Amino acid sequence: MTADPFSLEGKRILVTGASSGIGRQVAISCAQMGAGVVISGRDEARLQETFGQLQGEKHLAVGADLTVAADRLHLAEAAGQVDGIAHCAGISTIVPFRMVSEKHMDELLDINFRAPVLLTQRMIAKKQVLSGGSIVFISSSAVHIGTPVTSMYAASKAALIPAARSLASEVGAKQQIRVNCITPGYTRTPMLDRLNEGGTSIEANYELAPLGIGEPVDVANAVLFFLSDASRWVTRTTFQVDGGLTSRISF
Ligand SMILES: NC(=O)c1ccc[n+]([C@@H]2O[C@H](COP(=O)([O-])OP(=O)(O)OC[C@H]3O[C@@H](n4cnc5c(N)ncnc54)[C@H](OP(=O)(O)O)[C@@H]3O)[C@@H](O)[C@H]2O)c1
C-alpha cells in the first residue's frame, strides 16, 4: 500500500460505459490516480476521445456492446487480470407503468442488470479479479424514490443491490474481493440531456436535492474511494451520492 490510501498506483481497473458521462470521468480520474485503465463502450469515436484524455500509459480501449455475449467475452479476455471493475454502462428509458412492454423490460434488464452481472461472473470464475480487488456497480437513486415513469429503470438498477451484497459474501472471506453499489442522484451527463429532450423536462427535480445537480466527478470520486485501498474494510454497502436527494425530509 502507498502512503496515500486513495492512490490507484500499480492497479489495473476496468471501466465500462467509458465513452460518456460518469464512466468517462471515472476512467479519467482512475488514470489521474495512477491506474492502468481498460475502457469500454460502444461508440468507437467517443471511446477514443476518452482514451485521449487518459493520463499516463498502460491503458487499453475495447469496443463492446455488453448485451452481446461474444462482446463481453472479448472484453473480459482483453482486460486480463484486474484490481477493480467499475460498472458504469447503462441506459435510462422511461415509460408509464401502464405502457411497460416486455421489450422495454428486456432492454433495461439486459444492459443495466444482466450485462454487469454476467461480466463479473465470468471474470471471477476465471480468477481475473485479483485478491484485494474491488467491484463497483453504478445503481441509481431511482431505486429509493419511485418517481413516475421510472419503474422498470429503477427495478433494473435495484436488482444490482442484493446481487452485489450476496456476491460480496461469496468472494469476501476467501478471495478478499469487495463489492459495493453507488446510487447517484441527478448527474449532469448526456443521459440526463436525453431525458430533457422532446418537450419533457425534469430540471425542476434537481432542486429537490439540497445540493442540487451533481457533476460526473462527484460520482467518480466515490467510485475512486471504493476502488482504492481507502475502502479496504468496506464491502456489501450501497452508498448514496445524490446531493441529499433521497435523504431529504420536509416538515
Ligand atoms: N446521469 C444521471 O443522472 C445518473 C443517475 C443515476 C445513475 N446513473 C447511471 O450511471 C451510469 C452512467 O450514466 P451516464 O449518465 O454517464 O450515461 P451516459 O452518458 O448515457 O453513458 C452511458 C454509457 O453506457 C454505455 N452503454 C449503454 N449501453 C451499452 C451497451 N449495450 N453496451 C456497452 N455500453 C453501453 C454507453 O456507451 P455508448 O455511448 O458508447 O453507446 C455510455 O458509455 C448508468 O448506469 C446510469 O444508469 C446516471
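Author: Helix axes at an angle under 35 degrees count as roughly parallel. That cut-off is applied below to a pair of helices in this predicted model.

Reader: Why are α4 and α6 called roughly parallel to each other?

Author: Helix α4 (residues 102–125) and helix α6 (residues 151–158) pack at an angle of about 30 degrees. The limit is under 35 degrees, and α4 and α6 are therefore roughly parallel to each other. Their axes lie 9 Å apart, and the crossing of the two helices is right-handed.

Reader: What makes Asp 43 exposed?

Author: A residue is exposed if 12 or fewer other C-beta atoms lie within 10 Å of its own. Asp 43 has 12 such neighbours, so it counts as exposed. Asp 43 belongs to the loop between β2 (36–41) and α2 (44–52). Its C-alpha atom is 9.7 Å from that of Ala 18, a residue 25 positions away along the chain.

Reader: Is Lys 58 buried or exposed, and how do you know?

Author: Lys 58 has 12 other C-beta atoms within 10 Å and is therefore exposed. Its place is in the loop between α2 and β3 (60–63).

Reader: What is the phi of Lys 58, and why does it merit mention?

Author: Phi of Lys 58 is near 65 degrees, a positive value in a residue other than glycine. Such a value merits mention because most residues other than glycine have a negative phi. Val 149 also has a positive phi, near 70 degrees, and is likewise not a glycine.

Reader: Why is Val 149 called partly exposed?

Author: The count for Val 149 is 17 other C-beta atoms within 10 Å. A residue is exposed at 12 or fewer and buried at 20 or more; with 17, Val 149 falls in between and is therefore partly exposed. Val 149 is found in the loop between α5 (142–145) and α6.

Reader: Which residues are closest to the ligand, and what makes up the shell around it?

Author: The shell holds 30 residues, and the closest are Gly 17, Gly 21, Gly 90, Thr 189 and Met 191. The elements giving two or more residues to this shell are α1 (21–32) and α8 (190–195). By class, the shell divides into 13 nonpolar, 13 polar and 4 charged residues.

Reader: How confident is the prediction, and which elements have the lowest and the highest mean pLDDT?

Author: The protein chain averages a pLDDT of 96, and 98% of the residues score at least 70. Among its elements, helix α9 (residues 203–206) has the lowest mean, 91, and strand β1 (residues 12–16) the highest, 99.

Conventions
Residues numbered from 1 in each chain as written. Predicted model: local features only at pLDDT ≥ 70, side-chain atom pairs only at ≥ 80, totals over all residues. pLDDT = per-residue confidence, 0-100. Helix = DSSP H or I, 4+ residues; strand = E, 2+ residues; numbered from the N terminus. Near = placed C-beta within 6 Å. Nonpolar A, V, L, I, M, F, W, Y, C, P; charged D, E, K, R; others polar. Axes fitted to C-alpha atoms, helices over the stretch in contact; angles between N-to-C directions. Parallel < 35°, antiparallel > 145°, perpendicular 65-115°, else oblique. Left-handed = near helix turned anticlockwise from the far one by under 90°.
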